Amino acid sequence: MSTAVNPVTLELREVFKSFGSVEALRGVDFEVRNGEVMALVGDNGAGKSTLIKCVAGIYSIDGGDVYFDGERVVIHGPKDAAKLGIEVVYQDLALCDNLDVVQNMFLGRENHDPIFRLREAPMEQRTAETLKSLSVTTIRSVRQPVATLSGGQRQSVAVARAVLWNNRVVFLDEPTAALGVAQTRQVLDLVKRLGEQGLSVVIVSHNLTDVFEVADRITVLRLGRNVGVYERDKTTEQEIVRAITVGTAPEAAAS
Amino acid sequence: MSTAAPAEVQAAAHGDSLAAVLRARWEALKGGDVGSLPVIVGIIAITAFFTYKSPYFFTSVNFVNLIGQMAGVTVIAVGIVFVLLIGEIDLSVGYLSGLASVTVAEFQLAGSSHDYPGLVAIALAILLGAGVGAVQGSIIAFLGVPSFVVTLAGLLICQGMIIEILGTQGVIGITSNQVNDVSNYILSKNTGWIVAIVFTSLLALASLGTYVGRRRAGLPTGNLIIAIVRVLFYGGLAFAVVAVCNHTRGVPLVGLVVLFVVVLFSYLAGRTTFGRHVYAVGGSAEAARRAGINVKLIRILCFVISGSMAGLGGIIFASRLNSVDLTFGGGTILLDSISAAVIGGVSLFGGRGRVSGALFGGLIIGMISNGTDLVGSADWVKYVTTGAILLAAVTLDTVARRRQVAAGR
């Protein structure tokens, strides 16, 4: 457990978020350390997606604090999150089908000169390099529109986009949900590689087999609260399932 | 279809041989990306038809006329392209152009308290268009009111303003030479040649710059022969246009205005971050927003462009007739402008199409109008033909889109 000594990269303390009368997050605590793969699990409506969107700057939080490298930060929008080095790969991938791979990889952060002219060559170069470093070999041309890619290729582009920016924390929302066996294998390998490169990875998944394969620790959310953080090596799937479905007393779960 | 050969990663698609490039183009065509093929076929077919029907159609005098006739609609269509690219619509451009016509006439009106030089009047009319676009765009972007309704209201308001301003006199003559020159000035023959030389040189420089830049970065450079053929084709086209015009009076200034607008906005759409973000918003506004793009600002700017170009179009119309009256902004201007953009291959669903499509679409619409007039057909023929071509263009767009989705997964 080398990660146990690593410093915490991102931490949420007592974070609240509600939509009208619906309380999605009710004082959630959450942390992820450098070089750690943290799984975030919970039933539908547990607040996983809301938590991600709060950290990504899509939603603003109603209460609580966010710390990055031990410093308190306020995330007002996607740009703030990107500046900190937080990247989210959404379940729907958030790709523009009409744009090509390079254009999607650099979307919103295009390489340009002082008068906003695009510098295509370096962008294309880095895209090709990044895909190569992640062993993504099935994409024929980085200049083909994303609309012409398969589901697995699209997932690869979305993950590669997260890696391209030398990010500190990468959130993966259900990265294997729509994939076949071989492609799931690739993505899980990719997730491990990200952790080994010193990134903090948060993987949201309903598939506990996948979770137990890649995660170092597992955070369980239930009804907008953190009901426990478990070391992968000291827990079982049964214990996690129980935490997800009935919850456990927070003091009993603290590891 | 694209996942079949994982081993030959980058090399295959970028094969620099002519055959590989043509094969890739053919694949794209089958995948629904028809490019500018239908437009080119359309232009050739229409030219052939009217040349057969009328001895005057394929003459240099008529060609110079055609440039003047299509200029206004083409410029407005350039603005429409940006609005369509983000998946919106602007119905106000017709009467907004009329309002700009009235504005430019009003601000050069001799003997009034606002008797400004022609260029100032022109600037004010374009600014008015931009301002109306900004207001409409803000309502659409911030309040989320559908653009169809906002710009429909804009259409009515502009029409009302035209009636109010012209109400007492009904017509304003334009005496400012600067305003009248926009549509009526003819460049000297040598200036025409210089324009063709400058255009071709810029095109060649841009292509060379891309080639050298990619080569230096160690990226696949594409086929050099195709790049050269492209420069020669468009450069040759420019020289041909100048040659035909110079055979009679010369290149009209308004032709240069259209060329400038098309090149400027093509550059903006294709080579700048703004253009990239426009396409992104049209492709997926949500993805663009999550990528940190200011989607509201992009929306507003697109309507500002559309409004400004309506303003410029209005100036061209007013200048062409040397006066404005109550009919300005009405008629088929709105539908012709939208049709021009759509016929030029700009998708109504957002995110697909090029600015240059407005030029080709404008040319097709202009040729039909010009040709039917020459042949002496009744007005209904003109309307039915334009309608049929528009329907064909939209159908093609829809089918192409479906095929592209089908080819994706």
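**Figure 1. The hairpin of strands S4 and S5 in chain A, with A:Phe68 standing opposite A:Glu71 in S5(A).** In this predicted model, local features need pLDDT of at least 70 and side-chain atom pairs count only at pLDDT 80 or more, whereas totals for chains, interfaces and linings use all residues. Residues are numbered from 1 along each chain as its sequence is written, and chains are lettered from A and ligands numbered from 1 in the order in which they are written. S4(A) and strand S5 (residues 71-73) of chain A pair in the antiparallel sense over three bridges, where pairing requires that DSSP finds at least two bridges between two strands, and where helices (H or I, at least four residues) and strands (E, at least two) are DSSP runs numbered from the N terminus. Two residues lie between S4(A) and S5(A) in this hairpin, and A:Asp69 in the turn has a positive phi of about 50°.

**Figure 2. The antiparallel pairing of strands S1 and S4 in chain A.** Strand S1 (residues 8-19) of chain A is joined to strand S4 (residues 63-68) of chain A over five bridges, and A:Arg13 stands opposite A:Asp65 in S4(A). A:Glu14 lies in strand S1 of chain A and, although it is not a glycine, has a positive phi of about 55°. Most residues other than glycine have a negative phi. A:Glu14 counts as partly exposed because it has 13 C-beta neighbours inside 10 Å; by the definition applied here, with C-beta atoms placed from the backbone, a residue is buried if 20 or more other C-beta atoms lie within 10 Å of its own, exposed if 12 or fewer, and partly exposed in between.

**Figure 3. The loop that holds A:Phe116 in chain A.** A:Phe116 is found between helix H3 (101-105) and helix H4 (120-133) of chain A, and its phi is positive, about 65°, although A:Phe116 is not a glycine. With 14 other C-beta atoms within 10 Å, A:Phe116 is partly exposed.

**Figure 4. The two domains of chain A and the contact between them.** Domain 1 (1-85 + 168-179 + 196-255) and domain 2 (94-166) divide chain A, with bounds that come from an automatic or database domain assignment. The C-alpha centres of domain 1 of chain A and domain 2 of chain A lie 27 Å apart. Four residues from domain 1 of chain A and five residues from domain 2 of chain A take part in the contact, two residues being in contact if their C-beta atoms, placed from the backbone, lie within 7 Å. On the side of domain 1 of chain A that touches domain 2 of chain A there are four nonpolar, no polar and no charged residues, on a scheme in which Ala, Val, Leu, Ile, Met, Phe, Trp, Tyr, Cys and Pro count as nonpolar, Asp, Glu, Lys and Arg as charged, and the others, Gly among them, as polar.

**Figure 5. The surroundings of B:Val262 in helix H10 of chain B.** B:Val262 has its place in helix H10 (residues 253-271) of chain B and is buried, because 23 other C-beta atoms lie within 10 Å. Leaving aside neighbours within four places in sequence, B:Val262 is in contact with B:Val78, B:Val355, B:Ser356, B:Ala358 and B:Leu359. B:Val262 and B:Phe360 are 98 residues apart in sequence and, C-alpha to C-alpha, 11 Å apart in space.

**Figure 6. Helix H15 of chain B and the residue just after it.** The 20 residues of helix H15 (residues 356-375) of chain B should span 28 Å at 1.5 Å a residue, which agrees with the 28 Å between its end C-alpha atoms; the expected span is 1.5 Å times one less than the number of residues in the helix. H15(B) is mostly covered, with 16 of its 20 residues buried, and B:Gly376, just after H15(B), takes a positive phi of about 85°.

**Figure 7. The setting of the close-ups within chain B.** Chain B has 16 helices and two strands. Its radius of gyration is 22 Å, close to the 22 Å that the globule rule gives for 409 residues, so chain B is as compact as a globular protein of that length; the radius is taken over C-alpha atoms, and the rule is 2.2 Å times the number of residues to the power 0.38. Of the 409 residues of chain B, 43% count as buried.
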